[in-house]
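Q: Could you walk me through how to read helices, side-chain contacts and pockets in a protein model?
A: Happy to! Let's take a look together.
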Amino acid sequence: MVRFGLFGTGHWAAETHGAALDAHPGVTFAGVWGRDPGKAAALAERYGVPAFDDVDALVDACDAVAVALPPDVQADIAVRAATAGRHLLLDKPLALSVTDADRVVDAAQAAGVASVVFFTGRYRPDVAAFLASTAAVGGWHTARALWFASIFQPGSPYGASSWRREHGALWDIGPHALSFVLPVLGRVTRVAAMDGPKGLVHLLLTHEGGATSTVSLTLDGPQEAVAREFVFYGENGVETAPAGQGDAATAFGVAIDQLLEEIGSGIRDHRCDVRFGREVVAVLAAAETARAEDRTVDLPA
């Protein structure tokens with residue numbers, strides 16, 4: 001049994017990470033650490049596990065870490081855990097800068113640990129099958145990704161998230177959008193970006209091989225306009241990604257399964273590992289620069 005430590009105490013940590021760890025037959029839920037000791041104690045009590053008041057103490061008590069914290073906090077914990085030889089089940093985005101993402105990748109590779117980054121849709125079987133078959137067909141010229149969320153309404157469990165308010169849709173749901181587009185169209189080589197009303201951001205991406213895509217995102221859309229679409233256009237027609245079956249905790253259980261397979265096999269080539277997480281961060285950082293400097297940004301090969 002692989003012992004997992006959970007880092008984080010918010011809604012996502014409790015209802016997705018914690019619920020999946022508690023339900024999974026192949027792991028031992030070793031304990032909880034959080035920046036608020038009171039919340040950590042309450043979440044630990046809910047799942048009948050110890051609460052830890054020190055990051056390294058929980059790292060020492062587990063074989064793998066599951067992290068549900070703001071990306072800048074996650075990156076530091078991931079480096080500490082990987083350096084200690086602990087496997088990584090991280091959330092998106094991996095970090096808020098390419099420099100921090102590189103630190104995580106370097107630590108994971110130096111230690112030889114397994115890693116999985118949780119882009120929710122990628123762990124829903126119908127979505128994973130769609131992306132694999134669509135990528136295999138090839139011949140795609142462009143894609144359109146649109147995600148209009150509305151998380152700042154009364155009662156939203158994410159409305160008080162300070163990092164989401166500061167960094168917006170680009171960094172919160174942008175990783176999800178890229179996790180659909182990149183497997184089909186390939187690596188991004190050029191990024192342009194433009195802002196719209198109510199936190200709306202538009203990206204125009206050029207991919208290796210010449211395909212292009214557009215991504216439109218907001219966290220603060222009108223409730224009447226909430227929508228999510230991923231559509232690919234090319235030589236074989238038009239294909240639309242499914243919405244995805246199952247709740248987030250079920251998808252996280254699949255991510256646990258896949259990390260356990262990586263641990264058991266000794267092979268470190270998961271399609272959504274920290275290297276892919278770093279690729280996503282590089283696109284987001286380039287988009288941030290494109291917005292700030294009103295120019296197109298080329299990504300290094």
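Q: Let me start with helix α4; which of its residues are buried?
A: The general idea is to check relative accessible area, where under 20% means buried. This is a predicted model, so keep that in mind as we go. In α4 the buried residues are Pro71, Gln74, Ala75, Ile77, Ala78, Val79, Ala81 and Ala82.

Q: How far does α4 reach from its first C-alpha to its last?
A: Here you set the span beside the expected one. Helix α4 covers residues 71–83, 13 residues in total, and spans 18 Å, close to the 18 Å expected at 1.5 Å a residue. After the helix comes Gly85, which has a positive phi, near 85 degrees.

Q: Which residues are buried in α7, and what do they pack against?
A: For a helix like this, list the buried positions and then look for their partners. In α7 the buried ones are Trp163, Arg164, Gly168, Ala169, Leu170, Trp171 and Asp172. The buried residues of α7 pack against α4, α8, β9 (201–207), β10 (212–218) and α10.

Q: Turning to single residues, is Thr16 buried or exposed?
A: Start with the element, then the accessibility, then the contacts. Thr16 sits in helix α1. Thr16 counts as buried because its relative accessible area is 3%. Leaving out residues up to four places away in sequence, Thr16 touches His11, Phe118, Ala248, Ala249 and Phe252.

Q: Where is His207, and which side chain does its own side chain make a polar contact with?
A: The same routine works. His207 belongs to strand β9, and with a relative accessible area of 1% His207 is buried. The His207 side chain makes a polar contact with the side chain of Ser213, at 2.8 Å. Beyond its neighbours within four places in sequence, the contacts of His207 include Val181, Leu182, Leu185 and Thr212.

Q: Why does Arg268 count as partly exposed?
A: The class follows from the accessibility, with partly exposed lying between the 20% and 50% cut-offs. Arg268 has 27% relative accessibility, so Arg268 counts as partly exposed. Its place is in the loop between α9 (248–265) and α10 (274–293).

Q: Which backbone oxygens does the side chain of Arg268 reach?
A: Look for polar atom pairs and note their distances. The Arg268 side chain reaches the backbone oxygen of Gly112 at 2.9 Å and the backbone oxygen of Glu262 at 2.5 Å. Sequence separation is worth checking too: Arg268 and Ala114 are 154 residues apart in sequence, yet 5.9 Å apart in space, C-alpha to C-alpha. Among the other residues touched by Arg268 are His87, Val113, Asp273 and Arg275.

Q: What is the volume of the largest pocket, and how many residues line it?
A: With pockets, read volume, lining and chemistry in turn. The largest pocket has a volume of about 1200 Å³. Its lining has 50 residues, with Trp12, Lys92, Tyr158, Arg164 and Asp172 nearest the centre. Elements that each supply at least two lining residues include α1 (11–23), α4 and α7 (162–172). By class, the lining divides into 26 nonpolar, 14 polar and 10 charged residues.

Q: Which element gives the most to the lining of the second largest pocket?
A: Count the lining residues by element. For the second largest pocket, α10 gives the most, with six residues. This pocket holds about 220 Å³ of space. The 13 lining residues include Arg278, Glu279, Ala282, Leu299 and Pro300, which lie nearest the centre of the pocket. The classes here are eight nonpolar, no polar and five charged residues.

Methods
Residues numbered from 1 in each chain as written. Predicted model: local features only at pLDDT ≥ 70, side-chain atom pairs only at ≥ 80, totals over all residues. Heavy atoms only, no water. Helix = DSSP H or I, 4+ residues; strand = E, 2+ residues; numbered from the N terminus. Expected span 1.5 Å × (residues − 1). Buried < 20%, exposed > 50% of the residue type's maximum accessible area, 1.4 Å probe, protein only. Contact = heavy atoms within 4.5 Å. Polar contact = N/O pair within 3.5 Å; in protein donor to acceptor, adjacent residues only side chain to side chain. 1 Å grid on protein atoms, 1.4 Å probe; cavity = no way out; pocket = protein on both sides within 12 Å on 5 of 7 lines; lining within 4 Å. Points joined across faces, edges and corners; volume = space filled by probe spheres on them. Nonpolar A, V, L, I, M, F, W, Y, C, P; charged D, E, K, R; others polar.
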